Amino acid sequence: KANKEKSSVVVLPSVSAMFEINTNYFTNNSENLIKEFAKIYNKTNKKAKLLIEGYTCNLGSNKLNDELSRVRAEKVKNMLINSGISQEYIEIKWYGKSKFNNFDYSNKSDYRRVILSVG
């Protein structure tokens with residue numbers, strides 16, 4: 001669309017990568033979504049900051065979920081780095097289940113995610 005309209009601005013939407021319960025294994029098409037995001041980002045001037053935020057559902061202990069949300073965020077970060085995105089433009093945060101009540105998803109599996117956004 002940007003080529004067709006001769007735009008000099010590319011807007012990258014936030015994306016969410018979903019994970020299997022109690023793992024850092026992607027569900028559905030999440031891995032491809034992250035790769036596509038990286039491919040599009042690499043077509044920009046590559047100076048926009050990226051924010052990766054890891055979350056979990058409310059099952060399990062706080063300690064387990066803090067670590068799991070960190071591992072999920074790190075997995076996405078490493079995918080971006082392996083796709084050629086400089087680490088200096090990537091920030092990660094993880095929340096475990098501490099932000100569970102901030103969302104209103106219909107299914108617990110929807111909370112098992114990493115949100116990737118342009119900062």
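Is E36 buried, partly exposed or exposed? In this predicted model, E36 is partly exposed, because its relative accessible area is 37% and the partly exposed class lies between the limits of 20% and 50%. The report below first describes the sheet and its helices, and then turns to the charged pairs.

**The sheet and its helices**

Four strands make up an open sheet, arranged in the order β1-β4-β2-β3 with mixed pairing. Its edges are formed by β1 (15-18) and β3 (90-94), each of which pairs on one side only. With direction ignored, neighbouring strands of the sheet are turned against each other by 20° on average. Strands in a sheet pair through backbone hydrogen bonds, in either a parallel or an antiparallel manner. For strand β2 (residues 50-54) and β3, the pairing is in the parallel sense and extends over five bridges. Within this part of the sheet, L50 stands opposite I90 in β3.

Helix α2 (residues 62-82) packs on the sheet, where it touches β2, β3 and β4. The direction of α2 makes about 165° with that of β3. Helix α1 lies across β1, β2 and β4 (113-118), and runs at about 150° to β1.

**Salt bridges**

Side chains that carry opposite charges can pair when their charged atoms come close. A search of the whole structure yields four salt bridges, including those in the following table.

| Pair | Distance between closest N and O atoms |
|---|---|
| K35 and E31 | 3.5 Å |
| K39 and E36 | 3.8 Å |
| E91 and K93 | 3.9 Å |

K35 and E31 both belong to helix α1 (residues 30-41), where they are four residues apart, about one turn of the helix. K39 and E36 also lie in helix α1, at a separation of three residues, again about one turn of the helix.

**Exposure of the paired residues**

How exposed is K35? K35 counts as partly exposed because its relative accessibility is 42%. Its partner E31 is placed in the partly exposed class at 36%. In the other tabulated pair of helix α1, K39 has a relative accessibility of 47% and therefore counts as partly exposed, while E36, the residue of the opening question, is partly exposed at 37%. For the remaining pair in the table, E91 has a relative accessibility of 43% and counts as partly exposed. K93, the partner of E91, counts as partly exposed at 34% relative accessibility.

Methods: Residues are numbered from 1 along each chain as its sequence is written. This is a predicted model: local features need pLDDT of at least 70, side-chain atom pairs count only at pLDDT 80 or more; totals for chains, interfaces and linings use all residues. Side-chain values use heavy atoms; hydrogens and water are left out. A salt bridge is a side-chain nitrogen of Lys or Arg within 4 Å of a carboxyl oxygen of Asp or Glu. Helices (H or I, at least four residues) and strands (E, at least two) are DSSP runs, numbered from the N terminus. Buried means under 20% relative accessible area, exposed over 50%, partly exposed in between (1.4 Å probe, protein chains only). Two strands pair if DSSP finds at least two bridges between them. Axes are lines fitted to C-alpha atoms, for helices over the stretch in contact, and angles run from 0 to 180 degrees between N-to-C directions. Contact means heavy atoms within 4.5 Å.
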